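Here are my notes on this one, as numbered points. Have the coordinates open while you go through them.

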Amino acid sequence: MRRLLVLAVVVATVYGCGLPTYPPVLSRVVAGDDARPHSWPWQISLQSDSSGQWRHVCGGTLISSEWVLSAAHCVNDRYSYRVELGKHDLTNDEGSIARGAAVIIKHEDYSTLLSRNDIALIKLSSPVDFSDTIMPACLPDQGVILPHGAPCYVTGWGRLSTNGPLAVILQQALLPVVGHDICSQSDWWSVLATEKMVCAGGDGVTAGCNGDSGGPLICQNPDGSWDVHGVVSFGSGEGCNVFQKPTVFTQVSSYISWINTVMTNY
């Protein structure tokens, strides 16, 4: 019995949340760059069958063995969806696995017009086993507000330029947080940026068009683990990382109670 208990502790330590086996290379480059393979093991590809074959449509974040966090605007009732996990290169198998979307729960107060409450949870058709390439990100505590300038990262297979194709290799980009008092100013996002959102980027320099809708804004804790603090919601229609128009994320810490309720009830 003692040996089994020790083994369980070891497994939990190795595959706990937010601690990748292959740590990311945290470069401070202008625009994004290719991520180290499997260094963001909670990143998922949300895919639809809208064209008779599975097609990448959004990003998302694995937060448990059977739940994925994404954006409400990424899903609708017209299509079927699946989640591919353990992906780095969208064109290669890489030993990745796919799970159907058994249940999709959009926030009941989601507003398409103003992008309010743009958050959704997807329950996988069956739980996944954690591994070196598949593990969950940690959730922040309820109500945590990131300080202005906090060095967070966005990841995804987003476009590398405003009108360019989707990336094939998973991208990462440094996006410093912009405090709400700045992001909500009239020449920034004004009233479109609420206190349940977090803004990041917007200096016109730091990052390119990285990070699909639904993907994570991920921030490192002092102990080295990573929390998912944001879900990519919207940006400027004028282009990528427009000056004073940072990427706007649904602030995960404002929805911890909702997340826990959904995961308990479904």
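1. Salt bridges first: there are three of them in this structure, which, keep in mind, is a predicted model. Arg82, Glu84, Lys87 and Glu94 are tied together in a salt-bridge network. As background, side chains carrying opposite charge can pair when their charged atoms come close.

2. Walking through the network: Arg82 and Glu84 meet through their side chains at 3.8 Å, N to O. Glu84 also takes part in a salt bridge with Lys87, where the closest N and O atoms are 3.9 Å apart. Lys87 in turn meets the side chain of Glu94 at 3.5 Å, N to O.

3. How buried or exposed are Glu84, Lys87 and Glu94? Glu84 counts as buried because its relative accessibility is 12%, under the 20% cut-off. Lys87 is buried too, at 5%. Glu94 has 31% relative accessibility, so it falls in the partly exposed class.

4. Now the sheet. Six strands form a closed barrel in the order E2-E3-E4-E7-E6-E5, paired antiparallel. On average, neighbouring strands here are turned by 45° against each other, ignoring direction. Within the barrel, E5 (residues 81-85) and E6 (residues 97-106) run antiparallel and are joined by four bridges. Arg82, already met in the salt-bridge network, stands opposite Gly100 in E6.

5. Have a look at helix H3 (residues 256-265) as well. H3 lies across E4 (67-70), E6 and E7 (120-124), and its angle to E7 is about 30°.

6. Ser45 deserves a stop. Ser45 sits in strand E2 (residues 43-48) and is buried, since its relative accessible area is 0%. What does Ser45 contact, leaving aside neighbours within four places in sequence? The list is His56, Cys58, Arg82, Val83, Glu84, Leu90 and Trp157, and two of those names, Arg82 and Glu84, also belong to the salt-bridge network. The C-alpha atoms of Ser45 and His56 are 6.2 Å apart, with their positions eleven residues apart along the chain counted as separation. Closer by in sequence, the Ser45 side chain makes a polar contact with the side chain of Gln47 at 3.1 Å.

7. Last, Ser39, placed in the loop between E1 (33-34) and E2. Ser39 is buried as well, because its relative accessible area is 0%. A polar atom of the Ser39 side chain lies 2.7 Å from the backbone oxygen of Arg36. Not counting residues up to four places away in sequence, Ser39 touches Pro20, Tyr22, Pro23 and Pro24.

Note on methods
Residues numbered from 1 in each chain as written. Predicted model: local features only at pLDDT ≥ 70, side-chain atom pairs only at ≥ 80, totals over all residues. Heavy atoms only, no water. Pairing = 2+ DSSP bridges. Helix = DSSP H or I, 4+ residues; strand = E, 2+ residues; numbered from the N terminus. Axes fitted to C-alpha atoms, helices over the stretch in contact; angles between N-to-C directions. Contact = heavy atoms within 4.5 Å. Buried < 20%, exposed > 50% of the residue type's maximum accessible area, 1.4 Å probe, protein only. Polar contact = N/O pair within 3.5 Å; in protein donor to acceptor, adjacent residues only side chain to side chain. Salt bridge = Lys/Arg side-chain N within 4 Å of Asp/Glu carboxyl O.
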